[in-house]
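Colleague: I would like to learn how to read a model like this one. Could we go through it feature by feature?

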Amino acid sequence: MKPRTPSVLFRGGYGFQYPWKRQALRRFANNTSFSTRKRASSLSTRWNTVSTSQRTPSTWTPSHTQTRCMASASSLPQVLINDMANQEVIVDFNTGTAVRYPSFWLRDHCPCAECQHPSTHQRQLDTFTIDPEIKVSSVRSTPSGLEVSWPATTDIPDTGSSATHTSVYPWEWLETHPPFIQASNKTPSPTRQTAQRTWAHVPPSAAPDNLPRVSYDAIMNTPDTDGLKHFLQNIHTYGLCFMPETPATPEATQSLIERIAHIRATHYGGFWDFTSEVNPIDTAYTNDPLPPHTDTTYFTDPAGLQLFHLLSHTSSRDPGKPGKGGESTFVDGFAAAAYLHKHFPQHYHALATYPITSAALGSPAGAFLNTNASLHGYPVLNHSSPTGRVSSPSPTMLVQIRWNNLDRFAPMTPSFPNHTALKSWYAAAREWARILESPEFLLTVKLQPGEPVIFDNWRVLHGRLGFEGKRRVCGAYTGMDDFRARCRSLGIEA
Ligand SMILES: [Fe+2]
Ligand SMILES: [Zn+2]
């Protein structure tokens, strides 16, 4: 970001002698931010008057606590108030939004090398030694950021001495770290919200020849990590990757996932290796078809990646012959959600809104519910925003899909406010299920021994067609945070 240098109007220690100031402060009290463009008609004329010296002495009388500086007259309008009464500094970023920063919060987040360790970036300042009623002494705009001077303190340990302190908050940091929830259409600098992941849809027509693939040897090669990077990048971009030329053994399969991170243990075990059987604990262990779903919807933190490898599939009539059916299905949930949003926005909204509870009830180890289940569960479409609030969910903020209709169960606390909402959710779920199994989205692949697949369980839904015969499949999960950490350690933005 090219730093803008907000010009500054600093005012300190004033009372409420001017009606327009009272109006402004009331607005600040009621809103964490407000539109400076909207404000133009009522207030910015006044501010401009104030900041361009056209103000007459009769409307503005500096006191000894008031200073004023204009860092750059050309970058107007940029207004900053040191509101001592409310212990807030208010910054106008010239983006149509002014943002309030409480004095205490600013002091607590001082980025200087004394307050924040220069390499670990951990807080070195003891938050609880800061005066809860701390006020800013003076503040000014500088090209490198907002410079705040703090009053002398007398509680420097062991010395009894007092010292003032100066903090400089880079503009970009300030603008992207508003301390309060911003109104959705007034979020500072939306273009610099956390970059949305770049992703690409692998259409069903890509199967079987044009799927993302990286060979076992390329992934496992050390110390050269090019193959590994390509592999991780594929998972990040496409949501899945196949790994040809893998030895058809559990050991080789396990080494692949451990190349990324340690295995995430669940009630199914760590690395699993199973054969279709009777009396299963989960439909995955039968030979019934499985509709597209994500795994572990009932976890507070659902499994991030899942890798699996079909080790063998033989006919039950003639073990020397291959079994029939059992094709794996994959659906890029981000692509499906974008389609849903475009064509059925009301359905998208319903799936993004109503919390759904899920559980794994068949396990001999006991029922598994997410820890929030008894409270509220989670929507099918989960969103995230740097502002901490998503008032209007859309695919650009979609981070996680939780969808397994087989595991959905009636919550202990209701999900829906009324019958209309309940019907709207079922209508949305019906359309969603239809889209997932439509030819535009349902990627079908007959897995082969020697070519395992890994996919992003927060994005890609997986399923399986019914089959005849005996299948042996092995695999494992790894956590999403662990995957991302591995990506970042290799310079891949994830
Ligand atoms: Fe599954
Ligand atoms: Zn500091």
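Colleague: Which residues does Cys-241 touch, leaving out those up to four places away in sequence?

Modeller: A contact here means two C-beta atoms within 7 Å. This is a predicted model. In it, Cys-241 touches Pro-212, Arg-213 and Val-214. Its other partners beyond four places in sequence are Phe-231, Asn-234, Ile-235 and Ile-454.

Colleague: Which residues have the most contacts inside the largest nonpolar core?

Modeller: A core joins buried nonpolar residues through C-beta atoms within 7 Å. The largest one has 66 residues. Leu-240 and Cys-241 have the most contacts inside it. A second, separate core has 16 residues. Among them are Ile-81, Val-136, Val-139 and Tyr-169.

Colleague: Now the whole chain. What share of its residues is buried?

Modeller: Buried means 20 or more other C-beta atoms within 10 Å. Of the 494 residues in the chain, 34% are buried.

Colleague: How many helices and strands are there?

Modeller: The chain has 11 helices and 22 strands. Look at sequence separation as well. Take the contacts with a separation of 6 or more: 73% of them join residues 24 or more positions apart.

Colleague: Next, the backbone. Which peptide bond leading to Pro-208 is cis?

Modeller: Read omega for this. The bond from Ala-207 to Pro-208 has omega near 0°, so to speak the cis signature.

Colleague: Where does Pro-208 lie?

Modeller: Pro-208 is in the loop between helix H4 (171-176) and helix H5 (216-220). There is also a cis bond from Thr-222 to Pro-223, again with omega near 0°. Pro-223 sits in the loop between H5 and helix H6 (226-238).

Colleague: Then phi. What is the phi of Gln-87?

Modeller: Check the sign, then the residue type. Gln-87 is not a glycine, yet its phi is positive, about 50°. Gln-87 belongs to the loop between strand S2 (80-83) and strand S3 (88-92).

Colleague: Why does Gln-87 count as partly exposed?

Modeller: Count the C-beta neighbours. Gln-87 counts as partly exposed because it has 18 of them inside 10 Å, and buried would take 20 or more.

Colleague: And Thr-296: is it buried or exposed?

Modeller: Thr-296 is buried, because 24 other C-beta atoms lie within 10 Å. Its phi is positive too, near 55°, and Thr-296 is a residue other than glycine. Thr-296 lies in the loop between strand S10 (290-293) and strand S11 (305-314).

How values were computed
Residues numbered from 1 in each chain as written. Chains lettered and ligands numbered in written order. Predicted model: local features only at pLDDT ≥ 70, side-chain atom pairs only at ≥ 80, totals over all residues. Helix = DSSP H or I, 4+ residues; strand = E, 2+ residues; numbered from the N terminus. Buried ≥ 20, exposed ≤ 12 C-beta atoms within 10 Å, placed from the backbone.
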